[in-house]
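Me: I have just opened this structure and would like to understand the words people use for it. Could you take my questions one at a time?

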Amino acid sequence: MLTSLALIFLCGLLLGSIFQKIKLPPLLGMIITGIILGPHTLNLIDQSVLSISSDLRQIALIIILTRAGLNLDINSLKKVGRPAILMCFVPACFEIIGMVLLAPPLLGISIFDALIMGTVVAAVSPAVIVPKMLKLIETGYGKDKSIPQMIMAGASVDDVFVIVLFTSFTGLAQGESFSPISLIQVPISIILGIGLGILIGILLGFFFKKVHMRDSIKVIIILSISFLLVTLENSLKGIVPISGLIAIMSIGISLQKIRSDASKRISTKFSKLWVAAELMLFVLVGATVDIKYAFSAGIMAILLIFGVLVFRMIGILICLIKTKLNKKERLFCMIAYCPKATVQAAIGSIPLTMGLSCGNIVLTVAVLSILITAPLGAFFIELLYKKLLKKG
């Protein structure tokens with residue numbers, strides 16, 4: 001196990017830094033590290049690590065969502081208004097619809113399997129988008145119309161929305177009957193998750209105010225509560241639908257509102273945790289990829305990824321109807337809101353772990369979507385932002 005962890009961290013850092021040097025997202029280098037070290041290629045990762053990889057990916061997902069909550073600027077979201085709210089779910093819904101329409105004829109899978117695949121692929125990546133949008137805010141591009149803020153806020157909530165849908169549909173795939181009543185559980189789980197998260201965030205805010213402790217201890221407390229929330233969600237499955245992941249993000253948002261100074265310091269600590277979590281997440285997802293199977297999916301899977309991106313872009317255009325954005329700014333939003341990575345890495349292999357028949361093809365399409373959209377999205381954002389956005 002120790003040798004495997006050393007290889008994961010050292011090789012992941014090395015390939016990640018090489019990709020960063022050539023202006024590509026480092027996470028691509030990490031995924032390729034996993035593919036090379038994994039059981040389907042050199043087989044250098046010990047089984048003891050692979051056996052707990054799903055739990056390690058879950059921890060990484062919790063860290064991502066806590067960071068998103070601590071950094072999500074609600075005031076910017078209010079300033080942008082309707083388009084920012086629509087960006088949280090409309091493009092993802094369009095992409096899922098595109099997957100349901102295109103995947104069965106292209107890949108020969110069922111409509112329900114396509115629905116699960118759609119919820120895996122539909123989320124955009126804060127890991128790719130947020131650093132790029134922060135750069136635009138610092139340099140002033142698109143700032144007068146709050147374009148970077150809108151994309152950042154939408155990306156954070158979009159992820160949670162898609163993850164909740166994914167959790168609901170995989171639950172149904174494990175034997176629960178598919179009915180309209182089952183779908184009603186999605187908004188109920190979101191509302192209960194938000195309520196519980198806000199309540200815990202308020203209590204933590206007052207607790208941190210009254211009891212002096214190091215920020216590192218606060219991080220441990222928040223992480224422990226987050227783990228318990230995910231456990232609670234699993235324990236109450238079939239009794240009360242509640243989204244532990246939404247609750248985790250809501251804790252961060254409410255802490256930010258109550259204790260803004262402390263939340264900034266805690267966010268910095270979580271950013272440091274993310275350095276290690278990111279390596280584990282992307283290397284281990286790469287390790288689950290069967291290269292032979294990925295090649296067998298081939299051209300059809302690539303066509304599918306580009307096809308559903310078209311649906312996503314139509315959804316983005318609908319969100320921007322009756323806004324003050326010109327054609328160039330709308331085109332930038334369509335390009336900037338497409339990169340995939342983080343969520344696909346975190347949940348892409350879950351259907352395979354659960355033993356679902358669609359598991360292998362879902363994982364393959366998830367990884368291909370990362371390998372295609374993350375570098376292309378990052379490249380075109382960098383190439384076009386000065387041409388498409390005004391410096392305000």
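Reply: Here are your questions with their answers, and please keep in mind that this is a predicted model.

Me: What makes up the secondary structure of the chain?
Reply: The chain holds 19 helices and 0 strands.

Me: How do you know that the chain agrees with a compact globule?
Reply: For 392 residues, a compact globule would have a radius of gyration near 21 Å, and the chain has 20 Å, so the two agree. Along its principal axes, the C-alpha trace spans about 55 × 50 × 50 Å. Buried residues make up 54% of the chain. Among contacts with a separation of 6 or more, 81% are between residues 24 or more positions apart.

Me: What supplies the exposed surface, and where do the charges lie on average?
Reply: About 17,100 Å² is exposed, and carbon and sulfur atoms supply 69% of it. The chain carries 34 positive and 17 negative charges, with mean positions 11 Å apart.

Me: Why is R312 called buried?
Reply: Buried means under 20% relative accessible area. R312 has 0% relative accessibility, so it counts as buried. R312 sits in helix α15, which runs over residues 291-319.

Me: Which residues does R312 touch, leaving aside neighbours within four places in sequence?
Reply: R312 is in contact with P91, A92, E95, A122, V124, D158, Y337, C338 and K340.

Me: How many salt bridges are there, and what makes K132 and E382 one of them?
Reply: A search of the whole structure finds 8 salt bridges. The cut-off is a side-chain nitrogen of Lys or Arg within 4 Å of a carboxyl oxygen of Asp or Glu. In K132 and E382, the closest N and O atoms are 3.1 Å apart, so the pair meets the definition. This pair links distant parts of the chain, with K132 in helix α9 (residues 126-139) and E382 in helix α19 (residues 359-388), 250 residues apart.

Me: Why are K132 and E382 called partly exposed?
Reply: Partly exposed lies between the 20% limit for buried and the 50% limit for exposed. K132 has 22% relative accessibility, so it counts as partly exposed. E382, at 33%, therefore counts as partly exposed too.

Me: How do you know that K145 and E329 form a salt bridge?
Reply: The closest N and O atoms of K145 and E329 are 2.9 Å apart, and the limit is 4 Å, so the pair qualifies. These partners are 184 residues apart, and E329 belongs to helix α16 (residues 327-336). K145 counts as partly exposed because its relative accessibility is 27%, whereas E329 counts as buried because its value is 1%.

Me: What makes D215 and R265 a salt bridge, and is each residue buried or partly exposed?
Reply: Their closest N and O atoms are 2.8 Å apart, which is within 4 Å, so the definition is met. The pair links helix α12 (residues 215-235), home of D215, with helix α14 (residues 260-287), home of R265, across 50 residues. At 16% relative accessibility, D215 counts as buried, while R265, at 38%, counts as partly exposed.

Me: Which residues do salt bridges with shared partners join into one network?
Reply: They join E95, D158, R312 and K340.

Me: Why is helix α8 called mostly covered?
Reply: Helix α8 spans residues 111-121, and 9 of its 11 residues are buried. The buried ones are D113, A114, L115, I116, M117, G118, T119, V120 and V121.

Me: What makes the phi angles of S146 and K322 worth a look?
Reply: Most residues other than glycine have a negative phi. S146 has a positive phi, near 55°, and K322 has a positive phi as well, near 60°. S146 is in the loop between α9 and α10, and K322 is in the loop between α15 and α16.

Me: Are S146 and K322 buried or exposed?
Reply: S146 has a relative accessible area of 4%, so it is buried. K322 has 79% relative accessibility, and therefore counts as exposed, the cut-off for exposed being over 50%.

Note on methods. Residues are numbered from 1 along each chain as its sequence is written. This is a predicted model: local features need pLDDT of at least 70, side-chain atom pairs count only at pLDDT 80 or more; totals for chains, interfaces and linings use all residues. Side-chain values use heavy atoms; hydrogens and water are left out. Helices (H or I, at least four residues) and strands (E, at least two) are DSSP runs, numbered from the N terminus. Buried means under 20% relative accessible area, exposed over 50%, partly exposed in between (1.4 Å probe, protein chains only). Contact means heavy atoms within 4.5 Å. The radius of gyration is taken over C-alpha atoms; the globule rule is 2.2 Å times the number of residues to the power 0.38. Accessible areas come from the Shrake-Rupley method with a 1.4 Å probe; for residues, only the protein chains shown count as cover. Lys and Arg count as positive and Asp and Glu as negative; His and the chain ends are not counted. The place of a charge is taken as NZ of Lys, CZ of Arg, CG of Asp or CD of Glu.
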